[in-house]
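Welcome! Let us work through a few short exercises on this structure, one step at a time.

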Amino acid sequence: MKGTVHYEVKEGVAILTVDNPPVNPLSDGVRAGLVDGITQAENDSNVLGVVLTGAGRSFIAGADISEFGKTPEGPSLDEALRKLEFCSKPVVAAINGSALGGGLETALVCNYRIAGPAAFVGLPEVNLGLLPGAGGTQRLPRLVGPAEALKMMLTGMHVHAKKALSMGIIDEICEDLIKDSIKFIQKVSSESENHPKVRDLNEKVIEARGSDNILLEAKAMAAKTRKGQFAPGQIIKCVEAAINCDDFNDGMKKEGEYFIECLVNPQREAMIHIFFGERAASKISDIPRETPVKDIKKAGIIGSGTMGGGIAMCFANAGIPVHIIDQDADNLKRGMSVIEKNYEFMVNRGKMTEEMKDSVFGLVTSSLDYQDVSDCDIVIEAVYENLDLKEKIFRTLDEVVKKDAILASNTSGLNVDSIAAVTNRPELVVGTHFFSPANIMRLLEVVRGSQSSDETMATVMSVGKKLKKASVVSLNAPGFIGNRMLFGYTAQANMLLLEGALPHQVDQALESFGMSMGPFRMLDLVGLDLGWRARKLSGTEPALPSKIGDQLCELDRFGQKNGKGFYNYNEGSRAPNPAPENEDIYKTVSAANGIERREISDEEIVDRCILALINEGADIIEEGVGQRAADLDVVYINGYGFPIWRGGPMHHANATGMTEVLNKLNKYHELTKSDTFKPANLIQKLAETDGKFGDAPAKEDRKEKLSFSESSVAGNL
Ligand code: 3H9
């Protein structure tokens, strides 16, 4: 059995300590320990009451996620929580750290909740495709009201002790948690034999009866922020039951039914795959866990543009002082004022207080002098994609920055080894590919140069964690992971346009599949002129998929930046309007390239674009550029708007079945004759054994040199 609960008696109070490192989930051993501990306390006539707490940094981080989809052992969570709720002696939850999901639900069956100052609570089940299925949907609305409870459950947000106190989720905050909780039990047990139960507090749910507003607002919020997800609707139905059922147990029954529906829904498996995938991605398979990590006390950023500013905000938000260098005083002034405005925007939206803004923005300094980053522990270059310029910057940094500092490039596709080669410390050089806007997007591709040391890699991965990024390692190979996959995806979107589809049809089909933004909206956002200008400069002919985009650029249609691209945009708006004037261009380019336009189904659009991702992904795994299939899923969800509830492209392939994937690849290979659909070796092998991505062992020689073209794949789009 996994985990345990320690039992000891102090000053007439039983202390139950959940011990299941590192975060104390409610595994079978913990559930059994809770049942045994409460029984023991009830049977001991010298015990006045119970203090329930957690060992280490967590109170209880919820149900054991690894148990979902398996047959549970030992007592059920329901049984353990009933034991706590109906204990004949008062029980106080002494919340020492995170009380999340089933952890908060455990605290809610206790008579009282006292928290340490660093504690935080939340019901984040929605992020796993689940709902709080141990009474959370019925009890939290009774404590904080249905509207606040819905907000917590639909966002999955963490609520810190102070706020939890003001909302009424906890009763007190204490510095000396166990000592004060013991005193608390001694006091309440001497004052009364009746102790409150959250299930009996009906006032707030009854108050909400008869008005639809709360539920309608919740539905609108879920539709906006959790498009395509199954669990949010189930959560709302549970709260509806909490509001309308006269008997608490009827609401619990409904919660149980809706929970099971979530549990068996494929979205649950997909989202839990990403939960574990993100944690696995942060580990580098051939670097020992105990590899020392450098302490990063100060960071430097070269370049105060959108990327540089966004990256600086990530460090400041994590409490790490950061210094920005730019070569141009006006640029620097503009860059700093953008950062300040971003923070002001957060203050105006109630996301931070004025004092918080002052202290965080106070961590960002700037100047024109490279000497000012000489004492930094890591310096990240974030200038535009030009190898000569980047090499020049790295030569300077190598001279001025202290010898043991890490130097990183935010390149989206240039050769990190070439950049490292101009320094005398190639072992301290890596790529850190942030995604724009860097202060918001969670993905961080960490590019491992052929000489990047284990310590450098381990340090950068730990920096990623501090910055709250989903960090994924890529070998230094063209396009790394994300842009290499994107290349085939956008190429297919463009080919579909040449073959007869229109941009809004392609976008709508892929957005209905769940992509947060269709490829043509994305291309308009990025700017169609990037690749076009690069090709003009180098005198290269566009490849077939780039022909329409280049033709649009010839007609001054660069995308959102000048109000017209694949779509038209009204002044100051990002909403795409169809551009019928482009249709003749599409027809002309198709005809000029001997392509007969035809009716194209939404199914073909989705199949071709998503298969392009999967097939390229399979090569990336087999070559060892990405460590594991789940890493690619983490990349696509956090950097490219792939729907989390489908678990990423590689998980989607697993869910589809490898034989079906292979059949479809063959079908589209036959239809298009494009190499994009020539089935990857790995897919053919897996289809033979009915295998899945993730079954294949990680490639042995992970530092194998890969031929690297100097061109940025992103620039070729
Ligand atoms: C639930 O409760 C359902 C109920 O309502 C109803 C049931 C009927 N289980 O994140 P970290 C592992 S659903 C199993 O790196 P941090 C994690 O995989 C649950 N394992 O630490 C990792 O393993 P490894 C609702 C778990 O300090 C290690 O612990 N609860 C669980 O950055 C460290 O994790 C949640 O959704 C778990 N519940 O963050 C909370 N949690 O070392 C999920 C973690 O092998 N957890 N692990 O890679 C979290 O949000 C974060 O882990 C936490 C700590 C904030 C607690």
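**Exercise 1.** Find which helix gives the most to the shell around the ligand.

*Solution.* In this predicted model, helix H12 gives the most to that shell, with three residues. To place H12 in the chain, look at residues 266-281. Next, add its companions: strand S6 (98-100) and helix H3 (102-109) also supply at least two residues each.

**Exercise 2.** Describe the shell: how many residues surround the ligand, and which are the closest?

*Solution.* Start with the count, which is 30 residues. The closest are Arg-57, Glu-105, Glu-125, Arg-279 and Lys-283. Then sort the shell by character: 17 residues are nonpolar, five are polar and eight are charged.

**Exercise 3.** Work out which part of Arg-279, Gly-102 and Gly-133 faces an oxygen atom of the ligand, side chain or backbone.

*Solution.* Take Arg-279 to begin with: an N or O atom of its side chain is 2.7 Å from a ligand oxygen. For Gly-102, a polar backbone atom sits 2.8 Å from an oxygen of the ligand. Gly-133 also uses a backbone N or O atom, at 3.2 Å from a ligand oxygen. Each of these pairs is a polar contact, because the cut-off is 3.5 Å. As for cover, the ligand on its own has 1,000 Å² of accessible area, and the protein covers 80% of it.

**Exercise 4.** Step back to the whole chain: where do the assigned domains lie?

*Solution.* Domain 1 spans 4-264 and domain 2 spans 299-478. Domain 3 is made of two segments, 482-624 and 658-691. Finally, compare positions: the C-alpha centres of domain 1 and domain 3 are 47 Å apart.

Definitions and conventions: Residues are numbered from 1 along each chain as its sequence is written. This is a predicted model: local features need pLDDT of at least 70, side-chain atom pairs count only at pLDDT 80 or more; totals for chains, interfaces and linings use all residues. Side-chain values use heavy atoms; hydrogens and water are left out. Domain bounds come from an automatic or database domain assignment. A residue is near a molecule or strand if one of its heavy atoms lies within 4 Å of it. A polar contact is a pair of N or O atoms within 3.5 Å; within protein, one must be able to donate a hydrogen and the other to accept it, and residues adjacent in sequence count only if both atoms are side-chain atoms. Accessible areas come from the Shrake-Rupley method with a 1.4 Å probe; for residues, only the protein chains shown count as cover. Helices (H or I, at least four residues) and strands (E, at least two) are DSSP runs, numbered from the N terminus. Ala, Val, Leu, Ile, Met, Phe, Trp, Tyr, Cys and Pro count as nonpolar, Asp, Glu, Lys and Arg as charged, and the others, Gly among them, as polar.
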